[in-house]
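Visitor: I would like a quick tour of the side-chain contacts here. Where do we begin?

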Amino acid sequence: MKFNRLSEQFVDKTKGLPEVLLDKGRGYCVAEVEYKGLYFAVPLRTKLLHKEGKAIKIGGAPTMFITDKVNDPVRGECYRGLDYQKALLLDDKSTDLSSNYPLPDNAQKTILNDNEYKIGKEFMRYVDTYVRAHKRNLPFKPSFFRSTLKNYHEELGSVDLSRVIFRQHGKTL
């Protein structure tokens, strides 16, 4: 599994997109995941929301891959791993990714590398569930409401963006 940093150019280009978690000057470690010829940067994050150490699921699709539980000096006890909800579509890997990111924690790197196939399958299931919900005009659950995939409907082959219904806390947005 490849781990890279997002380039400053890519951070500037995606600034302002809904649900994108980017702050200038921060090194973003992402894993490359391919989905139907598209390349996504799935961020490694700390303090992931979970249910007793297990990934939250939407329609059977996990929203993250949890690697382990750590005691972070700043965040306290928390879970970390890959967050599928905050995946970003790469236009050009050569300019959107700046450099290889050496994961400082070998244990986490081993877990991610050992589960590369599972991560790819889970991410594809997450994207497929999102696209299927959109095409069927189903109300989106709160976790899909927070997904960065809403920025990539055209690329994912979704149809008629005006028909998407986002629901959060019982309200149609």
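Guide: Start with one term: a residue is buried when its relative accessible area is under 20%. Keep in mind that this is a predicted model.

Visitor: Is Asp68 buried or exposed?
Guide: The cut-off for buried is under 20%. Asp68 has a relative accessible area of 18%. That value falls under the cut-off, so Asp68 counts as buried.

Visitor: Which residue forms a salt bridge with Asp68?
Guide: Side chains of opposite charge can pair when their charged atoms come close. For Asp68, the closest N and O atoms of the pair are 2.8 Å apart. The partner has 12% relative accessibility and counts as buried. It is Arg80.

Visitor: How many residues apart in sequence are Asp68 and Arg80?
Guide: Asp68 lies in strand S6 (residues 64-72). Arg80 lies in strand S7, so the pair ties together parts of the chain that are apart in sequence. The separation is twelve residues.

Visitor: How many salt bridges does the structure hold?
Guide: Asp68 with Arg80 is one of them. Arg45 and Asp83 also meet in a salt bridge, at 2.4 Å from N to O. The total is nine.

Visitor: Which residue forms a salt bridge with Asp96?
Guide: The closest N and O atoms of this pair are 3.0 Å apart. Asp96 is in helix H2 (residues 93-96), and its partner is in helix H1 (residues 8-14), 83 residues apart. Asp96 is buried at 0% relative accessibility, while the partner is partly exposed at 40%. The partner is Lys13.

Visitor: Which residue is linked with Lys13 and Asp96 in a network of salt bridges?
Guide: Lys13 and Asp96 form one salt bridge. The network also takes in another Asp. That residue is Asp91.

Visitor: How many aromatic pairs does a search of the whole structure find?
Guide: A pair of aromatic rings is described by the distance of the centres and the angle of the planes. The search covers the whole structure, and the count is five.

Visitor: What is the angle between the planes of Phe40 and Tyr152?
Guide: These rings lie 6.4 Å centre to centre. Planes over 60 degrees apart count as edge-to-face. The Phe40 and Tyr152 pair is edge-to-face, with an angle of 80°.

Visitor: Which ring does the charged end of Lys93 sit over?
Guide: The charged end of Lys93 is 4.2 Å from the centre of this ring. The ring belongs to Tyr39.

Terms used:
Residues numbered from 1 in each chain as written. Predicted model: local features only at pLDDT ≥ 70, side-chain atom pairs only at ≥ 80, totals over all residues. Heavy atoms only, no water. Salt bridge = Lys/Arg side-chain N within 4 Å of Asp/Glu carboxyl O. Helix = DSSP H or I, 4+ residues; strand = E, 2+ residues; numbered from the N terminus. Buried < 20%, exposed > 50% of the residue type's maximum accessible area, 1.4 Å probe, protein only. Phe/Tyr/Trp six-rings, centres within 6.5 Å; stacked < 30°, edge-to-face > 60°. Lys NZ or Arg CZ within 6 Å of the ring centre and 35° of its normal.
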